[in-house]
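Biologist: Could you take me through this structure slowly, one question at a time?

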Number of protein chains: 2
Amino acid sequence: MADELVRDFLLGFIKLHILYHAKQEPVFGQEFKNELKRHGYDISFGTLYPIFHKLQRNGYLKVEQKNVRGKIRKYYSITRKGTNALERSKAKAKELFDELFMTE
Amino acid sequence: MADELVRDFLLGFIKLHILYHAKQEPVFGQEFKNELKRHGYDISFGTLYPIFHKLQRNGYLKVEQKNVRGKIRKYYSITRKGTNALERSKAKAKELFDELFMTE
DNA sequence: TATGTCGTTATCGGGAAGCGATAATATGAA
DNA sequence: TTCATATTATCGCTTCCCGATAACGACATA
């Protein structure tokens, strides 16, 4: 119902969100999914992984495999290109959000 | 490139944006598209109209035809259901935006 | 060696969404 | 009647979403 609107918002927002986190510290899929869920948002791996892959393919993220307790994780961290994209997009997104929404 | 990120954001945001505007005053497609463009965002009718239709189909918008200088316009205005959805979604969207993004 | 376990990542297939291109509509003007 | 124009509608292709399912890789156990 109305939650569809919030979900759309989240989905449109998620790449920025990922880049933002990957800028703070390396992030891997499972953890990211869990953190979203803690905040009440459930995004399937069928959605999440292709997004990570695309961000990497486009040069916004770089990946490094690590073996943690016998399990392989792919830690994604932001690249310079990703940082630039994030900063510029962030500014525009905020502008959009404020200008067209919080003007009341 | 990086604009893809902003575009995704806009697309996820657009239903809320439409509802917000339709709450201020009745809105029609052409005008809405032009206003977006003035702000630098180009969204095709092939994207826009189906969104209007869906919002109407789901009861968030109601439509009224008007003849303006010999041309037919479909003015969309928000319903009570749409208002409720907007308010609740807006709160959550702001929460998401702030909490997960502007925390630096 | 072989098998099992488990956290994690990867992919498939069907349905929905995005979008450029094109058509349809309705009215007033010529 | 025909034309021009503003506006809305739809088609077909591509891409995206996402639940379900598979695959992987290292360690443990025997």
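The questions below concern a predicted model, and they go from the pairing of the chains to the core, the DNA strands and a loop.

Biologist: By what rotation is chain A superposed on chain B, and which residue of chain A has the C-alpha nearest the axis?

Modeller: Chain A is superposed on chain B, with an RMSD of 0.1 Å, by a rotation of 179° that has 0.0 Å of shift along its axis. The two copies are therefore related as by a two-fold rotation axis. In chain A, the C-alpha nearest that axis lies 2.1 Å from it, and the residue is A:Gly12.

Biologist: Do the copies meet through the same surface or through different ones, and what percentage of the interface residues of chain A supports the answer?

Modeller: To decide this, one asks how far the interface residues of chain A are also interface residues in chain B. The copies meet through the same surface, because the share of chain A's interface residues that are also interface residues in chain B is 97%.

Biologist: How many residues are in the largest nonpolar core, and which of them have the most contacts inside it?

Modeller: The largest nonpolar core has 58 residues. For one of those with the most contacts inside the core, B:Phe9, the partners beyond its neighbours within four places in sequence include A:Phe9, A:Gly12, A:Phe13 and A:Leu16, as well as B:Phe97. The residues with the most contacts inside the core are A:Phe9, A:Ile18, B:Phe9 and B:Ile18.

Biologist: Turning to DNA strand C, what percentage of its atoms within 4 Å of the protein belong to sugar or phosphate?

Modeller: Strand C is surrounded by 21 residues, and A:His53, A:Lys74, B:Arg7, B:Gly46 and B:Lys54 are the closest. A polar side-chain atom of B:Thr47 lies 3.0 Å from a phosphate oxygen of this strand, whereas an N or O atom in the side chain of B:Ser44 is 3.4 Å from a base nitrogen. Of the atoms of DNA strand C within 4 Å of the protein, bases account for the rest, and the part belonging to sugar or phosphate is 72%.

Biologist: Which elements give two or more residues to the surface near DNA strand D?

Modeller: The residues that surround DNA strand D number 21, with A:Arg7, A:Gly46, B:Tyr49, B:His53 and B:Lys74 the closest. Polar side-chain atoms lie close to phosphate oxygens of this strand at two residues, at 2.7 Å for A:Arg7 and at 3.2 Å for A:Thr47. The elements that give two or more residues to this surface are, from chain B, α2 (29-38), α3 and β2, and, from chain A, α1 (3-24), α3 and β2.

Biologist: How many nonpolar, polar and charged residues does the surface near DNA strand D have?

Modeller: One contact at this strand is made by A:Ser44, whose polar side-chain atom lies 3.4 Å from a base nitrogen. Sorted by class, the surface near DNA strand D has six nonpolar, nine polar and six charged residues.

Biologist: Where does A:Arg69 lie, and is this residue buried or exposed?

Modeller: A:Arg69 has a positive phi of about 50° although it is not a glycine, and its place is the loop between β1 (61-68) and β2 (71-78) of chain A. Because exposed means over 50% relative accessible area, and the relative accessibility of A:Arg69 is 71%, this residue counts as exposed.

Conventions. Residues are numbered from 1 along each chain as its sequence is written. Chains are lettered from A and ligands numbered from 1 in the order in which they are written. This is a predicted model: local features need pLDDT of at least 70, side-chain atom pairs count only at pLDDT 80 or more; totals for chains, interfaces and linings use all residues. Side-chain values use heavy atoms; hydrogens and water are left out. Helices (H or I, at least four residues) and strands (E, at least two) are DSSP runs, numbered from the N terminus. Buried means under 20% relative accessible area, exposed over 50%, partly exposed in between (1.4 Å probe, protein chains only). Copies are superposed by least squares on the C-alpha atoms of residues with pLDDT of at least 70 in both. Contact means heavy atoms within 4.5 Å. A residue is near a molecule or strand if one of its heavy atoms lies within 4 Å of it. A polar contact is a pair of N or O atoms within 3.5 Å; within protein, one must be able to donate a hydrogen and the other to accept it, and residues adjacent in sequence count only if both atoms are side-chain atoms. A nonpolar core is a set of buried Ala, Val, Leu, Ile, Met, Phe, Trp, Tyr and Cys residues joined through side-chain atoms within 4.5 Å. Ala, Val, Leu, Ile, Met, Phe, Trp, Tyr, Cys and Pro count as nonpolar, Asp, Glu, Lys and Arg as charged, and the others, Gly among them, as polar.
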